[in-house]
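Q: Please take a close look at one part of this structure, its largest pocket. Then walk me through what lies around it.

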Amino acid sequence: MHRQAWAASGLGASAQRSPRHGGGAVRSARAGYAGGRSINFATRVVSCGAAELRPEGGGEPVRGFQVVLEDTILFPEGGGQPDDRGLIGDVPVLRVTRRGAEAVHFVRTALEPGAQVLLSLDWERRFDHMQQHSGQHLITAIADLMFGFKTTSWELGRQRSVIELDTPSMTAEQIEALERSVNEKIRERVPVTVRELAADDPEVETVRSRGLPDDHTGPVRVVSIEGIDSNMCCGTHVSNLSDLQVIKLLGTEKGKKNKTNLVFLAGNRVLKSIEQSHSTEKALTSLLKNGPGEHVEAVKRLQSSVKLLQKNNLNLLRDIAVLIARDFKSKPVQSELFVLHRKEGDSEFMNIIANEIGTEETLLFLTVGDEKEAGLFLLAGPVEAVENLGPRVAELLGGKGAGKRGRFQGKATKMSQRGEVQALLQEFISRQSPEV
Ligand SMILES: [Zn+2]
């Protein structure tokens with residue numbers, strides 16, 4: 001998890017301020033909406049150097065370039081908030097990181113230093129991050145006001161976000177009361193403001209913070225939810241709590257020692273989550289042929305009937321194994337080789353047959369599973385014969401096996417080779433008993 005709160009670090013003001021905050025920053029005056037979704041900003045390339053990017057999910061590093069611009073509207077990762085995405089001209093920005101007071105943009109195509117470029121911001125991603133981040137500030141403040149639970153860190157995840165609270169536990173009632181209270185604040189349309197204070201301003205001491213980064217320079221940035229909270233923060237925020245729409249607390253998970261992880265969704269993520277749940281519910285309704293209120297009961301019934309069927313099936317298999325063995329033994333003359341394949345069966349099924357027939361005089365080759373693909377095999381019979389033949393049988397079946405005392409069993413990948421195995425065993429037997 002990231003450290004939660006620190007301040008602006010001398011980055012261009014427009015990078016740190018939601019474009020919705022509008023006035024104040026000269027640079028953001030040049031920014032504008034395009035189609036309500038993307039935000040553009042004209043700037044100039046300062047430097048461009050070859051670099052590698054390690055993908056977030058691991059894997060081979062990507063070759064590309066690190067570009068520094070005169071100023072930027074793309075937020076570099078920091079304060080628990082992931083970085084923005086966007087385009088420089090038509091070149092996608094794959095990562096934005098902070099290096100001291102600079103934002104470094106990683107791209108796949110080299111850009112000419114000095115060139116005028118138009119930067120555009122992926123607004124959907126940014127607005128989502130704003131909703132989660134302001135949501136976190138609000139939850140953090142109210143959890144502290146209501147219960148004295150301090151936030152020790154937080155993480156803005158791809159699906160859901162987590163606030164680490166300095167408490168060993170939280171009751172369901174506390175979670176409910178907290179959720180009610182934060183949503184009340186959203187309905188009250190409380191303004192959120194951003195100010196920059198000089199580092200030596202006495203007010204800095206009164207603001208919620210867990211310290212500045214070591215390479216911090218310049219003024220301290222304070223994000224305030226009016227009348228509720230002031231927090232040192234470099235992140236991007238909504239300008240009014242009403243932009244959060246709604247906050248859903250999904251409950252708590254066990255955290256580090258004496259901490260509790262509170263999981264939440266804010267804004268559009270709540271709608272997306274409901275859409276997902278609803279489509280799952282619709283699919284279940286059509287599969288289970290009853291309403292959502294009965295889904296859990298229906299699944300429980302299905303599970304217990306499956307268990308019962310499995311038990312019955314096992315008993316039937318055992319009975320079949322015994323009958324197969326009896327049938328074999330009832331013949332007036334018993335052959336020295338017994339071969340059987342059955343699609344349904346397991347290793348117990350095969351061992352019961354071997355037990356019932358007896359392996360002193362008969363060589364048994366039993367298989368279960370798909371006729372042409374994978375399955376299980378058992379070779380049973382006189383100890384020496386099995387020791388000799390077992391590994392060759394496994395090899396022919398493209399499988400692996402092991403065994404002792406007259407049994408060799410394993411997994412087969414080429415069941416289609418059963419005929420070859422049978423020929424091998426037949427030949428073995430005819431060599432053993434030349435008189436037949
Ligand atoms: Zn923050």
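**The largest pocket and its surroundings**

A: The largest pocket holds about 430 Å³ of space. The model is a predicted one. Among the 20 residues that line this pocket, those closest to its centre are Pro82, Arg125, Leu156, Gly157 and Arg158. Which elements give two or more residues to the lining? They are helix 2, strand 9 and strand 10. Helix 2 makes the largest contribution, with three residues. By class, 10 lining residues are charged, seven are polar and three are nonpolar.

Take helix 2 next. This helix spans residues 123-147. Two of its residues, His133 and His137, sit four residues apart, which is about one turn of the helix. Both histidines bind the zinc ion through their NE2 atoms, and Cys233 joins them through SG. The distances to zinc run from 2.1 to 2.3 Å. Along the sequence, the donors follow the spacing H-x3-H-x95-C.

Now turn to the strands. Strand 9 and strand 10 belong to an open sheet of four strands. The order is 9-10-15-14, and the pairing is antiparallel. Which strands stand at the edges? Strand 9 (151-156) and strand 14 (247-254) do, and each pairs on one side only. On average, neighbouring strands of this sheet are turned by 20° against each other, direction ignored.

Look inside the sheet. Strand 10 covers residues 161-165, and strand 15 covers residues 260-266. Five bridges link these two antiparallel strands. One pair to find on screen is Val162 with its bridge partner Val263 in strand 15. A general point helps here: strands of a sheet pair through backbone hydrogen bonds, either parallel or antiparallel.

Helices lie against this sheet too. Helix 3 (residues 172-187) lies across strand 14 and strand 15. Its direction is at about 150° to strand 14. Helix 4 (residues 268-288) also packs on the sheet. Helix 4 touches strand 9, strand 10, strand 14 and strand 15. Its direction makes about 90° with that of strand 15.

Next comes another sheet. This open sheet has three strands in the order 11-12-13, again with antiparallel pairing. Why does one side of strand 11 (192-197) and of strand 13 (229-232) lack a neighbour in the sheet? Each of these strands stands at an edge with a single partner strand, so one of its sides is left without a neighbour in the sheet. From one strand to the next, the twist averages 25°. Strand 11 is joined to strand 12 (residues 220-225) by six bridges, and the two run antiparallel. Val194 has Val223 in strand 12 as its bridge partner.

Further along the chain, look at strand 20 (residues 407-412). Strand 18 (residues 375-380) runs antiparallel to strand 20, with six bridges between them. In that pairing, Leu376 has Lys411 as its bridge partner. Strand 19 (residues 400-404) also pairs with strand 20 in the antiparallel sense, over five bridges. Here the bridge partner of Ala402 is Gln409. Strand 19 and strand 20 form a hairpin, with two residues between them. In the turn, Arg405 has a positive phi of about 45°.

Last, compare the open pocket with enclosed space. A search of the whole structure turns up two cavities of 30 Å³ or more. The second largest cavity contains about 30 Å³ of space. Which residues line it? Leu314, Leu317, Arg318, Asp346, Glu348, Phe349 and Ile352 line the second largest cavity. Helix 5 (295-329) and helix 6 (347-357) each supply at least two residues of that lining. By class, this lining has four nonpolar and three charged residues, with no polar ones.

To retrace the route, start again at the pocket. Its lining draws on helix 2, strand 9 and strand 10. Helix 2 leads to the zinc ion by way of His133 and His137. Strand 9 and strand 10 lead into the four-stranded sheet.

Note on methods: Residues numbered from 1 in each chain as written. Predicted model: local features only at pLDDT ≥ 70, side-chain atom pairs only at ≥ 80, totals over all residues. Heavy atoms only, no water. 1 Å grid on protein atoms, 1.4 Å probe; cavity = no way out; pocket = protein on both sides within 12 Å on 5 of 7 lines; lining within 4 Å. Points joined across faces, edges and corners; volume = space filled by probe spheres on them. Nonpolar A, V, L, I, M, F, W, Y, C, P; charged D, E, K, R; others polar. Pairing = 2+ DSSP bridges. Axes fitted to C-alpha atoms, helices over the stretch in contact; angles between N-to-C directions. Contact = heavy atoms within 4.5 Å. Donors = N, O, S within 2.8 Å, 3.2 Å for Na, K, Ca; no water.
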